[in-house]
Amino acid sequence: MILQRFYDEKLAQASYLIGCAAADEGLIIDPNRDVDQYLRAAEAEGLRISAVTETHIHADFVSGARELAHRLGARLFLSAEGGPDWQYQFAQGDGATLVGHGDTFSIGNVRLEVVHTPGHTPEHIALLVTDTAGATAPMGVVTGDFVFVGDVGRPDLLEKAAQVAGASEGAARDLFRSLQAFKSLPDHLQIWPGHGAGSACGKSMSAVPQSTVGYERLFNWAFDIGEEDAFVAAVLADQPEPPKYFAQMKTLNRAGPPPLGGFTRPPRIDDARIIDLIRSGALVIDGRSKQEFSEGHHPGTVNIPLTRSFTTWAGWLIPYDREFYLIVPDRDAHALDEAVRDLAMIGLENVAGYAGSSALVAAEANGVALERIEQVDARRLGQELEAGTVHVVDVRGEAEWNAGHIPQAENIPLGYLADRADELPTDRPIVLQCETGGRSTIGASLLRARGHRAVVNLTGGIATWREAGLPVTATPPAH
């Protein structure tokens with residue numbers, strides 16, 4: 001048996017190639033939209049991808065299962081579980097094979113057994129993997145978003161992202177029951193999860209790529225709670241805010257994602273033209289670092305640095321129904337292609353054009369006054385707070401805020417800041433603050449683009465506030 005893991009750092013998402021060398025066949029599980037990577041890997045192993053499947057209807061990226069099956073004429077296996085509201089709408093038209101709890105299918109000598117594991121989503125399945133050439137029992141289980149290393153899939157996304165009112169508690173109880181059944185699996189069974197640290201599909205995932213049932217039974221917090229009501233309360237507490245784009249992905253993946261056919265580079269826009277577009281109100285995303293943006297940017301642009309968090313914040317902040325433009329660093333030859341790929345992975349394909357950072361040099365040479373994000377250090381901020389001359393907004397998530405925050409600060413998580421910009425005072429400067437200064441710089445760019453002029457960033461975030469020995473307030477958990 002051949003097993004290969006693919007991992008997208010920005011999505012914190014894993015997919016798998018499982019193959020049978022004897023039959024020269026392979027199966028792809030939970031593919032994302034970058035389908036060429038699976039084709040290259042299969043070719044390197046001498047395998048023909050004969051089947052494609054996924055563990056559930058994904059909310060955090062555009063699935064590549066449908067496109068991969070179409071391109072290769074491979075069999076497409078999809079969950080039949082979850083009831084009528086959670087069926088794949090394209091399954092019948094695409095000739096997919098629907099599978100439910102206890103069903104099996106094979107890739108050469110490798111047998112896959114379907115296990116219905118509702119909780120994260122109603123239709124969720126896991127796949128027990130047996131290499132029948134040398135064994136009569138499974139060696140591992142592909143758990144998707146059911147069991148992670150150190151965590152379990154969050155059960156509140158249907159309510160928070162897909163707007164299914166009141167769904168969280170029932171899903172949490174389903175998850176509890178799924179875990180009780182999972183506990184009966186043998187200790188040696190390997191666990192191959194669908195996500196790692198950094199994904200918003202859970203709250204405390206490890207960066208370790210795989211585990212075993214026995215290890216998780218001993219050290220995964222979710223397995224320590226044997227009483228259902230206590231588990232429900234624990235699993236629903238302190239979940240991170242789900243990015244806005246999750247609802248879009250859920251709808252798209254259920255209806256059937258259209259084929260992408262590769263990542264298309266947008267046209268380069270003349271420096272003068274991009275400046276005209278900004279002035280006319282076009283949405284322009286400046287992908288330079290927080291330091292570069294803070295030191296000088298064109299008024300009206302929004303900063304989303306091309307870091308590991310780019311995909312997440314692009315999904316939060318860029319509308320799906322509007323064209324937008326990119327400014328990318330000229331020094332990085334791969335920046336544009338990487339950004340276009342990252343955006344397409346979550347269905348943001350309306351990139352109308354791009355410019356290099358040379359456009360900012362040209363703008364300044366032609367009389368445009370570049371703006372700066374004013375910075376304040378922790379001790380100065382403490383003095384201004386005491387004097388009542390500033391308003392502090394903490395753009396971290398609610399769970400981070402509850403764990404400890406600057407006294408007198410207001411909590412508005414970054415993803416909601418644009419929606420609540422009009423609530424903020426205009427009679428004194430607004431100081432934005434996060435953990436280390438990255439999210440707050442994005443937030444400052446959002447407020448500046450929406451007309452707030454007196455916007456300041458706390459250099460180094462609350463981390464420097466703590467280092468300075470200044471007071472931090474924790475919020476007791478609600479009961």
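**Notebook: two odd loop residues and a helix pair**

I began with Ala-12, which sits in the loop joining strand S1 (2–8) to strand S2 (13–20). A reminder to myself: this is a predicted model.

I looked up the backbone of Ala-12 and found a positive phi of about 50°, though this residue is not a glycine. That caught my eye because most residues other than glycine have a negative phi.

Next I asked myself: is Ala-12 buried or exposed? Its relative accessibility is 1%, so I noted Ala-12 as buried; the cut-off for that label is under 20%.

I then turned to Asp-238, another non-glycine residue with a positive phi, here about 60°. I traced Asp-238 to a loop as well, the one between helix H6 (228–236) and helix H7 (245–255).

My last stop was a pair of helices. At what angle do H10 and H11 pack? For helix H10 (residues 310–317) and helix H11 (residues 335–345) I have about 55°, and their axes lie 9 Å apart. That angle makes H10 oblique to H11, because it falls outside the ranges for roughly parallel, antiparallel and perpendicular. I also jotted down that the crossing of H10 and H11 is right-handed.

Which residues meet there? From H10 I listed Phe-310, Thr-311 and Ala-314, and facing them in H11 are Ala-339, Asp-342 and Leu-343. Sorting the residues of this contact between H10 and H11, I get 4 nonpolar, 1 polar and 1 charged. The charged one is Asp-342 and the polar one is Thr-311, because Asp counts as charged and Thr falls among the polar others.

Key
Residues are numbered from 1 along each chain as its sequence is written. This is a predicted model: local features need pLDDT of at least 70, side-chain atom pairs count only at pLDDT 80 or more; totals for chains, interfaces and linings use all residues. Side-chain values use heavy atoms; hydrogens and water are left out. Helices (H or I, at least four residues) and strands (E, at least two) are DSSP runs, numbered from the N terminus. Buried means under 20% relative accessible area, exposed over 50%, partly exposed in between (1.4 Å probe, protein chains only). Axes are lines fitted to C-alpha atoms, for helices over the stretch in contact, and angles run from 0 to 180 degrees between N-to-C directions. Angles under 35 degrees count as roughly parallel, over 145 as roughly antiparallel, 65 to 115 as roughly perpendicular and the rest as oblique. A crossing is left-handed if the near helix is turned anticlockwise from the far one by less than a right angle, and right-handed if clockwise. Contact means heavy atoms within 4.5 Å.
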